[in-house]
Amino acid sequence: QTSGLSVQPNYTYAGNSQPTIHGYQATESLSVVLRDLSTAGATINSAVSAGGNAVRVDGISLDLDDTSSLMSSARTAAFTQAKAKAEQYAEAAGRPLGAVVSISEVTTNPTPVYDQNFASAGSAVSMPVPVQAGSQDVSVSVTVVFGLG
């Protein structure tokens, strides 16, 4: 899928005269979704090889297709923990726990970790792109305000 397209003029500068346009350079950015991790490295290599020196890979990221059930579980766990703490505080205060006054949540996206050896290789030697499975944390931070009964 095309995610960006730009066309920029290329100028020729001659002495003190105004620059003249002698052509244009077009740049297209693509977003590609690969669903088979076992062939992702080879697929990326093939695409780069087909484009030659005109291709630049700006980044590779791995993501989960559907996090809805994971987020739901994380919300339930976060609320359960918040309620348990609130019950503990209410008991310490000698008061019953009241109704929920407000709930807010913050979700976080994990930051990718890159292999330092690969990132600093700087070699023109063609090698397979190292795409490996890992883990990804799905987390929710919930703030729940309870009243005291």
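From the N terminus on, this chain runs β-β-α-α-β-α-β. The model is predicted.

**Exercise 1. Count the elements and find how much of the chain is buried.**

Solution.
- Step 1: the chain holds three helices and four strands.
- Step 2: the chain has 149 residues, of which 11% count as buried.

**Exercise 2. Work out how the buried residues of α1 are arranged around its axis.**

Solution.
- Step 1: locate the helix. α1 covers residues 37-51, which is 15 residues. From first C-alpha to last, α1 reaches 22 Å, close to the 21 Å expected at 1.5 Å a residue.
- Step 2: list the buried residues of α1. They are A40, G41 and I44.
- Step 3: look down the axis. The buried residues of α1 fall within an arc of 95°, so they line one face of the helix.
- Step 4: turn to the face pointing away from the buried side. Here sit the exposed residues S38, S49 and A50.
- Step 5: check what comes after the helix. G52 follows α1 and has a positive phi, near 65°.

**Exercise 3. Take apart the largest nonpolar core and name its main supplier.**

Solution.
- Step 1: collect the members. The nine residues are M71, A74, A78, A82, A86, V140, V142, V144 and F146.
- Step 2: assign them to elements. α2 (68-92) and β4 (139-148) each give at least two residues to this core.
- Step 3: compare the shares. α2 provides the largest, with five residues.
- Step 4: set this against the general rule. In soluble globular proteins, nonpolar side chains tend to be buried together.

**Exercise 4. Find the nonpolar patch on the surface and test whether V7 is buried or exposed.**

Solution.
- Step 1: name the patch. V7, Y11, Y13, I21 and Y24 form it, with about 590 Å² of accessible area together.
- Step 2: trace its origin. β1 (2-12) and β2 (20-30) each contribute at least two of the patch residues.
- Step 3: place V7. It belongs to strand β1.
- Step 4: apply the cut-off. Exposed means over 50% relative accessible area. V7 has 52% relative accessibility, so V7 counts as exposed.

**Exercise 5. Describe both salt bridges and say which parts the E105 pair ties together.**

Solution.
- Step 1: count. The whole structure has two salt bridges.
- Step 2: take D58 and R56. Their side chains meet at 2.9 Å, N to O. Both D58 and R56 are exposed.
- Step 3: take E105 and R75. Their closest N and O atoms are 2.8 Å apart. E105 lies in strand β3 (residues 97-108) and R75 in helix α2, so the pair ties together parts 30 residues apart in sequence.
- Step 4: check accessibility. E105 is partly exposed at 35%, and R75 is partly exposed at 36%.

Definitions and conventions: Residues numbered from 1 in each chain as written. Predicted model: local features only at pLDDT ≥ 70, side-chain atom pairs only at ≥ 80, totals over all residues. Heavy atoms only, no water. Expected span 1.5 Å × (residues − 1). Buried < 20%, exposed > 50% of the residue type's maximum accessible area, 1.4 Å probe, protein only. Arc of directions from axis to C-beta. Patch = residues over 30% accessible without salt bridge, like charges linked within 9 Å, V, L, I, M, F, W, Y side chains within 5 Å. Areas by Shrake-Rupley, 256 points an atom, 1.4 Å probe, with all protein chains shown as cover. Salt bridge = Lys/Arg side-chain N within 4 Å of Asp/Glu carboxyl O. Core = buried A, V, L, I, M, F, W, Y, C linked by side-chain atoms within 4.5 Å.
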